[in-house]
Amino acid sequence: MRRARLMLTACLTALALATTAWAATPPKTALRHAGVAASQARRLVREARAAGVNAATMDRWARRLSMLHRERLPVSLAVEQIFEGLMKGVSASRITDGLHAFARALQGARRVLDRHATPQSIAGHPRAVRHALSDLVIARRAGLDGGALDRLLGRRRLTVSRVSAYVQVATDLRGWGVGRRDVVRMLGEARRKGVSRHRLFALDATLAHKAAHGQGLQNLRGMLRAGLGLRASMGPGSLSGPGGAMGMPGGGMTGPGPGAGTMTGPGGGVTGPGSGMTGPGGAGMGRP
C-alpha cells in the first residue's frame, strides 16, 4: 500500500513538473513543438497579442495543436481556424471552443478517410490528405455525417483524390438544397458506375452555373442524374439536350471551373469547392 502511494505521489509530481515546464515555455516555442511552422508561429503570436489574447489561452491552443500533431493530423488546418477567428474579431474563449470542436471533427474525418482511401494513396501524399480531410470536415458541417459518408463512399477503397472529389460534389449538392438521401443515393450509384473525378468536377461546375442562374432544385436533380448517366429520363434543361447550355466532357463543355457560383448551404455556411466555410464563432475556414 505504501509503495502504491509513493508511486502515485511520484506520478503526480512528474505531471506537475511537466505542466509547469510547459507553462514556462514561450508561446512561439510551444507552437513550434506542436508542429506549427516557424512563420505561422511568429504570425500567430503576433496577431494573438495584438488581439489581447493572454499567454494562458495561447498555451491552451498550443496544447490542442500538439495533440493533433501527435496524431499525425494536419496542424495547419487548425491554425487557419485560429487565424480566421482572430481576423474576424471572435473572442478568445470562442476560438478556443471552436478549436476543440474542429479537432474532434478532424479526428472523425481521419477515421472516415482511413476507412475509404487506399493506404497507397494516403502514404506519401500529405497535401492530398490535407485537402481530403478539409473536405470531409466541411461535408460533416453540411449534414453528411459518418454514416452518410460511409454509404456514399462504399466498401471498395478509393484513392484519396477520388474520395475528395465525391465529398466536394456531395457538399455542393447539399448547399444547393439537394436532400442528404438523394445525394448519397445518386453519388453512391455514380461511384459504383466508376464515374471519374474529372467528370464529377465538370458536372459540378455545370450545376453551379445553372444554380447561379436560377435553375430550380427539381431541374438540378434531373440534370445531376442525366450528367452522371444514371437511370432516369432527362428532365428540362438537361446537360446535353437543347435546353442545356453545356455538354459533358468530350462534348465541348466550356463553363466555369469547379467552385463556380457561391451557394449558401445548411447552416448558412457551406459554399462551392475552394470557397469558405463559416467556422466556430464566425471564424471562416475554407478549403486549401
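**Entry 1: helices and the overall count**

I take a helix here to be a DSSP run of at least four residues in state H or I, and I number the helices from the N terminus. The model I am reading is a predicted one. By that rule I find 13 helices and zero strands in the protein, and when I follow the elements from the N terminus on, each entry in the run is α. I then looked up burial for the chain as a whole, and 49% of the 288 residues of the protein count as buried. For contacts with a separation of 6 or more, I note that 69% are made by residues 24 or more positions apart.

**Entry 2: the loop at Arg72**

I went to the loop between helix H4 (55-70) and helix H5 (75-87), where Arg72 lies. Arg72 is not a glycine, yet I read a positive phi of about 60° for it. Is Arg72 buried or exposed? I find a relative accessible area of 73% for Arg72, and since anything over 50% counts as exposed, I enter this residue as exposed.

**Entry 3: Gln107 in helix H6**

I next looked up Gln107, which is found in helix H6. Its relative accessible area is 18%, so I list Gln107 as buried, the cut-off being under 20%. Setting aside residues up to four places away in sequence, I see Gln107 touching Met67, Glu71 and Leu73. I also checked the pair Gln107 and Leu68, which are 39 residues apart along the chain, and their C-alpha atoms are separated by 8.3 Å.

**Entry 4: salt bridges**

As background I keep in mind that side chains of opposite charge can pair when their charged atoms come close. I count nine salt bridges in the structure, and I looked at several of them in turn.

In helix H4 I find Asp59 and Arg63, four residues apart, which is about one turn of the helix; their side chains meet in a salt bridge with an N to O distance of 3.0 Å. Asp59 is buried at a relative accessible area of 17%, whereas Arg63 is partly exposed at 35%.

In helix H6 (residues 92-116) I find Asp114 and Arg110, also four residues apart and about one turn of the helix. Asp114 forms a salt bridge with Arg110, and I read 3.0 Å between the closest N and O atoms. Asp114 itself is partly exposed, with a relative accessible area of 36%.

Which parts of the chain does the pair Asp182 and Arg221 tie together? The side chains of Asp182 and Arg221 meet in a salt bridge at 3.0 Å, N to O. Asp182 lies in helix H11 and Arg221 in helix H13, so this pair ties together parts that are 39 residues apart in sequence. I enter Asp182 as buried at 16% relative accessibility, and Arg221 as buried at 19%. Following the shared partners, I find that salt bridges join Asp182, Arg185 and Arg221 into one network.

**Entry 5: Arg191, a buried charge**

I stayed with helix H11 (residues 180-193) to look up Arg191. How far away is the nearest side chain of opposite charge? It belongs to Glu189 and is 10 Å away, and I record Arg191 as buried yet without a salt bridge. I did find the backbone oxygen of Leu153 at 3.1 Å from a polar atom of the Arg191 side chain. Leaving aside neighbours within four places in sequence, Arg191 is in contact with Arg151, Leu152, Leu153, Gly154, Leu158, Arg162 and Tyr166.

**Entry 6: the loop at Gln215**

I then moved to the loop between helix H12 (197-212) and helix H13 (217-228), where Gln215 is found. Gln215 counts as partly exposed, because its relative accessibility is 23% and so falls between the cut-offs of 20% and 50%. I see a polar contact of 2.6 Å that joins the side chains of Gln215 and Asn219. With neighbours within four places in sequence left aside, Gln215 is in contact with Lys210, Leu220 and Met223.

**Entry 7: rings**

I looked for pairs of aromatic rings with centres within 6.5 Å, and the count comes to zero. For a charge over a ring, I found the charged end of Arg43 sitting over the ring of Phe83, 3.8 Å from the centre of that ring.

Note on methods
Residues are numbered from 1 along each chain as its sequence is written. This is a predicted model: local features need pLDDT of at least 70, side-chain atom pairs count only at pLDDT 80 or more; totals for chains, interfaces and linings use all residues. Side-chain values use heavy atoms; hydrogens and water are left out. Helices (H or I, at least four residues) and strands (E, at least two) are DSSP runs, numbered from the N terminus. Buried means under 20% relative accessible area, exposed over 50%, partly exposed in between (1.4 Å probe, protein chains only). Lys and Arg count as positive and Asp and Glu as negative; His and the chain ends are not counted. A salt bridge is a side-chain nitrogen of Lys or Arg within 4 Å of a carboxyl oxygen of Asp or Glu. A polar contact is a pair of N or O atoms within 3.5 Å; within protein, one must be able to donate a hydrogen and the other to accept it, and residues adjacent in sequence count only if both atoms are side-chain atoms. Contact means heavy atoms within 4.5 Å. Rings of Phe, Tyr and Trp (its six-membered ring) pair if their centres lie within 6.5 Å; planes under 30 degrees apart count as stacked, over 60 as edge-to-face and the rest as tilted. A charge sits over a ring if NZ of Lys or CZ of Arg is within 6 Å of the ring centre and within 35 degrees of the ring normal.
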